[in-house]
Amino acid sequence: MTARIRWLTIPIFVAALAGAGSLGVAVEASTANQPVSGTVKLEGVVCLSATTCEGVGESSSQGVVVTITSGIPGTVQAISGTSDLIGVACSSATVCEAVGLNSLDQGVVVTITSGTPGIVQVVSGTSWFSAVACPSSTTCDAVGYAPSNQGVVVPITNGTAGSALPVPGTSDFDGVACSSATTCEAGGISSSTNQGVVVTITSGTPGSAQVVSGTNDLIGVACSTATTCEAVGSNSTNQGVVVTITSGTAGSAQLVSGTTWFSGVACPSASTCEAVGYSSFDQVGVVAAITNGTAGNSQVFSGTTFLSGVACPGADACVAVGADAGEGVVVTITTGLPPGGGSSPGGGSSPPPGGGSSPSGGGYTLDGFGGVHPFGDSPPVTITGYWPGWDIARALVLDACDSPGQVSGWVLDGFGGLHPFAAAGTPMPAVPDITGYWPGWNIANDVASFCISVNGVLHAAGCVLDGFGGLHAWADSSAVIGDVPCTGTGYWPNWDIATKITVIPGTDEGYVMDGFGGIHPFNGAPYYAPTGYWPGWTIARGIVATATGGYTVDGFGGIHPFGTTPVITATGYWPNWDIVRGIAAAYGGTGVDTLDGFGGLHPAGGAPYVAASGYWPNWDIAVDVVTAP
């Protein structure tokens, strides 16, 4: 099955969670999807400069070209005489070649000059072209399928397509890239073994087909150096594969779980490539980083049904194209994260290679027995509540009245008790006066902390959240408990559905989150609609407020902004695995950290990588996270 047929058979609908509020986010995606009206899908993309790319694809009846400027698609140009444009490459900063097919199933070539398409050239002896690459300013090589049921190569010289060159031993070509001015590598399908093949093209002339065991089709190719290329595609069991090609010789196929196939790949640097494709399980596009030839784990990209092509205008950003629910889409990918980016719980807990000591700032994670574990440069603490073998600890908060250099706080148990902890040199906080306590009933779900002033004296105080949505004041002194505000807007009697609470920094206002992702203000906080909401599905796992809104996190690791906070991309995401347990704003105000159930920390949105001191592989025992100076 060729790449062209494969695109046509993808169901054009979004999985239950796709869209602005979906659970799926790609590991390195940095901007929201940009839909392209007037298109059914976009299939290929190439970048001429750091800000300008050209995308090609299909409308309901014709091939299309669209210029993408700084990640934003412009006006769609339909190309008469074409039915689909699938691949595109540029020979100079102003000239590109787009390839595809017409309505008569003939391969076509269209030259694009400064964003304007030229005359359509029909190439006899071809049924369609799937890809094109340009090794020099005057030559390009288009690859595709011939009526003779063979892969075909067509040289293009100064914009003029040459004769079709069928390649024995191949049934189709789907991808091509050039490592030098004379050498290109094409990927496709073998005609005899139903496996992927690699063919070296030298000065426009194809060599012999090299069958790649463990693959079914090689659809996309990109070259990172003069001797190294990466081919991507699928195997016979519908899994995405990555194959490194070194000096024309294909290596072993690497399987990437969570993918059905990869269809495009681009290399922003000599050590890093980005592969894009499709997951049939999630009905969504996927992204995976390839670092020094090693494929990381995939992450889904919400709001897309597939990603088909990718190009990199710089060393730290790539542009991917594909489709969402019925139209083409453009997304931007920020590169440079560690391989796999948190693709297994705990994978984001270590500093990046060469990172040395952790950056300023850190925090604490809480295990279910009550253990409090520092990360980053936060000091160890002495705890007063610990229950070995009993998963009863629910949340922790820091004392909002602590002076600079002090660290203390409380652990909440499931019955509503609050248990102090403190670092060396910080006085142990008082056991608080509490208004909600339910011995033997595991109904206390979270706790919030703020600092109030009563008669000129600062007091640590806050609210305990019960599962029904009730808010119960606590304070470091019984004399001020009546001064603690805890007035909520969400309450569900006899339904344990209220899960988390958060405070807007520097205030006593904040939000309660229900298990479906609903956001409910308390103490007069402004209302914001959630972007992640799943009625009937208790999959929301954490919430953190900022001065302009905040973020929620779902059990798979998807991060969902509310208010006017910017979209950020998760570095820990595990489709269909409910393993994420919390979220906290990174110290210093840049980005967030998410916590997986094993204790792994996964920074996002510019937060630094920090080392966790509590990590329990394959044991879902971590329950909460806070950040600290």
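# Exercises on a predicted model

At 14% relative accessibility, asparagine 523 counts as buried. The model used in these exercises is predicted.

**Exercise 1.** Where does asparagine 523 sit, and which backbone oxygen atoms does its side chain reach?

Solution.
- Step 1. Locate the residue: asparagine 523 belongs to the loop between β43 (519–522) and β44 (540–546).
- Step 2. Decide whether it is buried. Buried means under 20% relative accessible area, and asparagine 523 has 14%, so it counts as buried.
- Step 3. Look for polar partners. The side chain comes to 2.8 Å from the backbone oxygen of proline 485. A polar atom of the side chain of asparagine 523 also lies 2.8 Å from the backbone oxygen of aspartate 508.
- Step 4. List the surroundings. Leaving aside residues up to four places away in sequence, asparagine 523 touches Phe450, Pro485, Cys486, Thr487, Asp508 and Glu509.

**Exercise 2.** Describe how strands β2 and β3 are arranged, and state whether β2 is enclosed or open.

Solution.
- Step 1. Find the pairing: β2 (residues 41–47) and β3 (residues 52–58) run antiparallel and are joined by six bridges.
- Step 2. Examine the connection. The two strands, β2 and β3, form a hairpin with four residues between them.
- Step 3. Check burial. Seven of the seven residues of β2 are buried, so this strand is largely enclosed by the rest of the structure.
- Step 4. Pick out one pair across the hairpin: lysine 41 stands opposite glutamate 58 in β3.

**Exercise 3.** Trace the salt bridges made by lysine 41 to glutamate 58 and aspartate 84.

Solution.
- Step 1. Start with glutamate 58. Its side chain meets that of lysine 41 in a salt bridge, at 2.1 Å from N to O. Glutamate 58 is in strand β3 and lysine 41 in strand β2, 17 residues apart.
- Step 2. Go on to aspartate 84. The side chains of lysine 41 and aspartate 84 form a salt bridge at 4.0 Å, N to O. Here strand β2 is linked to strand β6, across 43 residues of sequence.
- Step 3. Check burial. Lysine 41, at 5% relative accessibility, counts as buried, and aspartate 84 counts as buried at 4%. Glutamate 58 is buried too.
- Step 4. Put the parts together: Lys41, Glu43, Glu58 and Asp84 are linked in a network of salt bridges.

**Exercise 4.** Which strands stand at the edges of the open sheet that contains β6?

Solution.
- Step 1. Write down the order. The four strands run β6-β7-β8-β9, with antiparallel pairing.
- Step 2. Identify the edges. β6 (84–90) and β9 (116–123) each have a single partner strand, so one side of each is left without a neighbour in the sheet.
- Step 3. Note the twist, which averages 25 degrees from one strand to the next.
- Step 4. Look at one pairing: β6 and β7 (residues 95–101) are antiparallel over six bridges. Within this pairing, the bridge partner of leucine 85 is glycine 100.

**Exercise 5.** Which elements contribute two or more residues to the largest nonpolar core?

Solution.
- Step 1. Begin with the core. It has 28 residues, of which Val232, Val242, Phe262, Val265, Ile290 and Tyr511 touch the most other members.
- Step 2. Name the elements: β23 (261–266), β24 (272–279), β25 (284–291), β42 (510–514) and β44 each give two or more residues. The largest share, four residues, comes from β25.
- Step 3. Keep it separate from another core of 22 residues, which includes Val480, Ile481, Ala498 and Val512.

Conventions
Residues numbered from 1 in each chain as written. Predicted model: local features only at pLDDT ≥ 70, side-chain atom pairs only at ≥ 80, totals over all residues. Heavy atoms only, no water. Buried < 20%, exposed > 50% of the residue type's maximum accessible area, 1.4 Å probe, protein only. Polar contact = N/O pair within 3.5 Å; in protein donor to acceptor, adjacent residues only side chain to side chain. Contact = heavy atoms within 4.5 Å. Core = buried A, V, L, I, M, F, W, Y, C linked by side-chain atoms within 4.5 Å. Pairing = 2+ DSSP bridges. Axes fitted to C-alpha atoms, helices over the stretch in contact; angles between N-to-C directions.
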